[in-house]
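Reader: Could you show me the structure, please? I would like to ask about it afterwards.

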Amino acid sequence: MRRVYMDHGASTPVDKEVLNEMMPYFDKIYGNPSSIHTFGREAFDAVEDSREKVANLINAKPDEIIFTSGGTESDNLAIKGIAFKNKDKRGSEGYHIITSAIEHPAVLETCKYMEKIGFNVKFLPVDEYGIIDLDELENSISKDTFLISVMFANHEIGTIEPMEEIGKIAKAHDVFFHTDAIQALCKTPIDVNKLNIDLLSISGHKIYAPKGVGALYFRKGIKLQTITHGGGHEKGLRSSTYNSPGIVGLGKACALGKNRLKKDMDHLKNLRDLLIKKTLEIEESYLNGHPEKRLVNNAHFRFTAIEGESLNLRLDSKGIAAATGSACSSKKLEASHILLAIGLTPEEAHGSLRLTLGRMNIKEDVEYVTEILPGIVNTLRNMSPLWNR
Amino acid sequence: MENVDYTEKVKDHFFNPRNVGEIKDADGVGTVGNPVCGDVMTIYIKVKDGVIADIKFKTYGCAAAIASSSIATEMVKGKTLDEAMKLTRNDVANELGGLPAIKMHCSNLAADALHKAIKDYRKKKKK
């Protein structure tokens with residue numbers, strides 16, 4: 001049976017070139033990068049080389065990058081780090097954070113925690129495509145606002161937020177601008193200077209590096225308070241022994257991603273457009289998210305009268321890996337907050353399917369999926385009491 | 001991490017559901033669930049001499065919902081109405097070799113739908 005992986009939004013395979021680059025750091029250059037001996041110095045040089053590669057990808061400087069354990073930690077450090085550091089500098093009416101209603105839980109739950117400990121948080125609503133309202137953003141800024149955190153692109157529906165405009169608003173009001181760029185990285189050009197981004201979260205395993213490594217960019221001059229106390233690594237901001245193999249992998253993945261950006265984008269966009277066109281031929285199927293302002297690798301659908309977990313399990317039985325925003329497949333049994341925020345009913349959200357393409361997918365994969373999918377949708381509809389066409 | 005795996009029996013009934021469909025001239029029909037929660041189940045029964053002679057179902061929902069509908073129809077086909085009324089949610093889950101804890105409440109509605117269909121039949125019979 002053909003096996004097709006279309007869940008790159010959940011995780012990507014480690015690129016062969018990335019893996020090769022990492023290997024010596026497990027058993028040959030295994031010294032602690034903080035040690036003074038040659039074993040350590042060699043590993044240290046590799047870490048610093050990776051820092052430069054990560055910085056290059058987003059047009060930052062190496063000393064503006066610190067390594068973390070992944071996207072969630074980067075988001076936590078960005079939001080808590082800046083909030084704790086700056087809370088005494090603002091007015092007395094409370095310290096204000098603005099974010100969006102469709103953030104990844106790493107940002108959303110962190111912001112809810114900030115609310116719990118006394119910060120004020122504004123969760124910006126989004127339109128039917130998942131795009132934030134810029135006027136509402138600007139109107140929400142008060143003299144106590146110190147941070148705007150809006151994702152670069154949404155992890156479920158793939159909508160790309162208006163980064164340039166948000167950056168301008170943040171700059172005009174002297175507010176820090178953080179973005180979770182975990183899904184967008186290596187799928188769209190990112191220049192932190194052009195976009196006025198002050199802090200940006202990076203995750204390795206979404207860009208063909210391993211799981212368990214990530215990075216945070218924060219603009220020179222910005223002060224953060226650490227949330228991880230210990231040996232004082234990364235200028236005291238993130239204590240923990242350097243994960244040198246992982247960091248080397250992240251660096252290589254960023255260098256590859258930069259070199260291949262145009263090639264990858266063209267390839268993914270072609271496949272995505274074919275996937276969307278073919279899938280929408282199914283009766284009562286709809287595309288979620290924005291038709292144009294969406295990630296080149298994201299196709300997100302909903303189908304009337306069927307449920308996403310059933311759909312995913314049946315796809316899996318045909319060798320196809322996908323994802324859904326259905327409540328039935330979530331730990332909380334609640335429909336995806338993103339699908340509800342763009343105005344879908346819970347019923348509509350249950351019938352959702354996310355297909356996220358990757359570098360290794362080929363046209364035949366798309367053809368296979370679009371051959372299999374209509375039959376499965378049909379089978380499930382034929383046993384659904386909600387389908388009586 | 002919690003286990004999200006279904007038992008082989010759940011998978012069998014999900015991928016090869018028994019008794020799917022409608023009975024046009026059913027003697028009793030029972031629908032339970034709510035599309036908002038992601039599960040809706042309808043059970044149709046045909047009764048002869050106090051025995052469930054035929055039974056069909058239609059289910060919208062996750063694999064647990066579909067599998068529990070399928071196995072419940074198998075469990076009560078040929079049984080008397082009184083026997084079928086005694087079928088519980090736990091009986092259905094046990095017959096499937098267990099369901100993930102999180103699915104026990106929302107998706108395991110087959111017994112409820114069956115009881116509703118039987119009550120519907122009894123109500124119609126009284127008239």
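Reader: How many residues does each chain bring to the contact?
Author: Chain B brings 19 residues and chain A brings 18 residues. Two residues are in contact if their C-beta atoms, placed from the backbone, lie within 7 Å. This is a predicted model, in which local features need pLDDT of at least 70 and side-chain atom pairs count only at pLDDT 80 or more, while totals for chains, interfaces and linings use all residues. Residues are numbered from 1 along each chain as its sequence is written, and chains are lettered from A and ligands numbered from 1 in the order in which they are written.

Reader: Which elements of chain B supply at least two residues each to the side that touches chain A?
Author: They are helix H1 (8–15), strand E2 (39–48), strand E3 (51–60) and helix H2 (63–76) of chain B. Helices (H or I, at least four residues) and strands (E, at least two) are DSSP runs, numbered from the N terminus.

Reader: And which one gives the largest share?
Author: E3(B) does, with three residues.

Reader: A new topic: where is Asp49(B)?
Author: Asp49(B) sits in the loop between E2 and E3 of chain B. Its phi is positive, about 55 degrees, although Asp49(B) is not a glycine.

Reader: Is Asp49(B) buried or exposed?
Author: Asp49(B) is exposed, because 6 other C-beta atoms lie within 10 Å. A residue is buried if 20 or more other C-beta atoms lie within 10 Å of its own, exposed if 12 or fewer, and partly exposed in between, with C-beta atoms placed from the backbone.
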